[in-house]
Number of protein chains: 2
Amino acid sequence: MVPVGTQSTWKASGRLADGREIVYFDETPGLDRAVARDTRPLPPRPPGPPGPIGSAEQGIRWDPLAGEWVVIAAARQDRTFLPPADQCPLDPSAPGRPTEIPASSYDVVVFENRFPSLREPLGRCEVVCFTSDHDSSFARLVPRRVRTVLEAWVDRTEVLAALPETRQVYCFENRGEEIGVTLHHPHGQIYAFPFVAPRLERMVAQAIGYVGGNLFDDLVATELRAGTRIVARNEHWVAFVPQAARWPYEVRIFPAARVPDLPALGEAAREAFGPLYLDVLRRFDALFDRPTPYIAAWHQAPVKDAAARGVFAAHLQVLSVRRAPDKLKYLAGTESGMGVWINDIVPEQAAMRLREACQQ
Amino acid sequence: MVPVGTQSTWKASGRLADGREIVYFDETPGLDRAVARDTRPLPPRPPGPPGPIGSAEQGIRWDPLAGEWVVIAAARQDRTFLPPADQCPLDPSAPGRPTEIPASSYDVVVFENRFPSLREPLGRCEVVCFTSDHDSSFARLVPRRVRTVLEAWVDRTEVLAALPETRQVYCFENRGEEIGVTLHHPHGQIYAFPFVAPRLERMVAQAIGYVGGNLFDDLVATELRAGTRIVARNEHWVAFVPQAARWPYEVRIFPAARVPDLPALGEAAREAFGPLYLDVLRRFDALFDRPTPYIAAWHQAPVKDAAARGVFAAHLQVLSVRRAPDKLKYLAGTESGMGVWINDIVPEQAAMRLREACQQ
């Protein structure tokens, strides 16, 4: 039981029946997480893929035309797919119904994905459950809980960055069947990549090649001056629709003081994040007459790369594929074939709608 | 009435009621396409966006973090969306039912999109109808018709490449509601981009930076040697699943003799394309118990760029988002957030299934 972070979050780790790691992040001290044991007769996990790039069925392959890595993960094809609510594997365990989480309740819990896209020694895929309440959502968490989730992201970023193969730690949330979510329980994912993802690589290259200042600092300053795309802000964070937004509704959330990654955030910024992010997510959910599907993606500097860390600004990107109450944005010929995004919503109008979406 | 291409295809162009250009590609000579006039009371098109990058509502914007252009096209938000079959705007006109095509029948016809993402002076968006048969599909065309479509692609590539702003001509087809198709009539699209698309730019950079030979030549030779991912081939074309395929079912089709773009294809290659491509598309449609949604994307060298044209190999990429009879591949947090593709289908198995999908 180890306190983590700069406020009171207590961490305890254990193992599931098949050897996967599970880590509890508790908001109160003194809970003995070793008591709840995973009693399921799970088959032991097969050994991880051999070699530096894995096997034919599970590994990474180099695309020489794009100059990018692609992940091949055949074992995932049979992963759990939209189970009934009473069979949710992310609920806490109950008598006669053991789940992925042996405890009978939890605040925030992280465990290794049973159907991972990447496994040691290539990388690692973790699931992070935001609440034991199956019917909740991130937008309905209280700020104290968001702080605990943030401490879990910080902890996992530090732990996974220390693995020898890790080049990037990626914390994200997929929300909504419209983008392929297969479990409704409020949860996110954390990937340790053995390479720097193409989108991050491009951003780092743009920042390193930028002359006359810092790319991110100038971008945020420009948005603050323009004002037309600001969605929300407080003393430590600002949320805006990018001037060249790709997605119908897209917001980038930057801390006021640039840091390369989440562990570098100071106490005041950590505490101020929850209220700002909850405000943004509630605006997304107020856009339409139903919950808005979204992807929330934490961009953090590559690990073990001092030059990149010196210029990069960690930030959160929230994007939605819904462009109208009954219409989704599809990635068709221009996006999937050519990487050219066509956005039907003018970014300034998206910002205005998000600003007006709810008055709090 | 001008014969085009290296076989007998006759081309005739005219104007629709709002001034948009329409071009017929006929398989028989002597049809007077000027007879059929567009009688619809269409409002004149608003003037194109001003300036080199357009207006706030319709134009291109530079994303400084990605170093890429994004297209903003607000006017498209209200485009025709899944009309009933008897109101299809791509059918030939009939008495009392004028459509986008004034003629009462056609072989292949191209016209400027009424709801374009890009307009002069920024670029141009055209629609290409493959057949006047509303209920057909590309896979059900006869080889002669595929040749006519190919001649239309060649012609439009030449014409659009000659526009002063054009940097790339992109011919593609979206098929299936699963990827957002809003009109079922068999058709494709042709874009003239005022920039080089990110995916093409990356390929060109990889090819120019490749040492010891030509990237594409070596790639095709490697696939032919390996054999495990070949799907179909004839004397002039080869179709294979890429070793690092991103999509559940993805095939790249290369001509045996490298050319930078479609106009550079010789007569024999043009004639041999139809049989090979039809074979590949029929294999896609035989994978599942329903028509397979796909994107078919022609990669052609950037125009006005001698270095790129010297190394590039024009080819067709066909990709499907269907990964199982009842499951689609979604672009969620890893793909949309980070540009990391995770493929659940092992490329060698995808190739085997496509090979076994139909015995012709």
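Two strands count as paired here if DSSP finds at least two bridges between them, with helices (H or I, at least four residues) and strands (E, at least two) taken as DSSP runs numbered from the N terminus. The model is a predicted one, so to speak of local features takes a pLDDT of at least 70 and side-chain atom pairs count only at pLDDT 80 or more, while totals for chains, interfaces and linings use all residues. Residues are numbered from 1 along each chain as its sequence is written, and chains are lettered from A and ligands numbered from 1 in the order in which they are written.

On that footing, β17(A) reaches across to chain B: it runs parallel to strand β5 (residues 68-73) of chain B, and 2 bridges join them. I342(A) has V71(B) as its bridge partner in β5(B). The result is an open sheet of 3 strands with mixed pairing, in the order β17(A)-β5(B)-β4(B). At its edges sit β17 (342-343) of chain A and β4 (58-63) of chain B, each pairing on one side only.

As for the two copies, a turn of 180 degrees with a shift of 0.0 Å along the axis lays chain A on chain B with an RMSD of 0.0 Å (least-squares superposition on the C-alpha atoms of residues with pLDDT of at least 70 in both). That is how a two-fold axis relates things. In chain A, L331(A) has the C-alpha nearest the axis, 4.1 Å from it. Both copies use the same surface, as 100% of the contact residues of chain A recur in chain B; contact means C-beta atoms, placed from the backbone, within 7 Å.

Back within a single chain, chain A splits into domain 1 (2-195) and domain 2 (199-357), with bounds from an automatic or database domain assignment. Their C-alpha centres lie 24 Å apart, and 27 residues of domain 1 of chain A are in contact with 29 residues of domain 2 of chain A. On the domain 1 side, α1(A) gives the most, with 9 residues.

Over in chain B, strand β3 (residues 21-26) is mostly covered, with 5 of its 6 residues buried (20 or more other C-beta atoms within 10 Å of the residue's own, all placed from the backbone). β3(B) pairs with strand β2 (residues 9-15) of chain B in the antiparallel sense over 6 bridges, and G14(B) stands opposite I22(B). Their hairpin has 5 residues between the strands, and G19(B) takes a positive phi near 95 degrees there. β3(B) also runs antiparallel to strand β6 (residues 108-112) of chain B, joined by 4 bridges, with F25(B) opposite V108(B).

Key
Two residues are in contact if their C-beta atoms, placed from the backbone, lie within 7 Å. A residue is buried if 20 or more other C-beta atoms lie within 10 Å of its own, exposed if 12 or fewer, and partly exposed in between; C-beta atoms are placed from the backbone.
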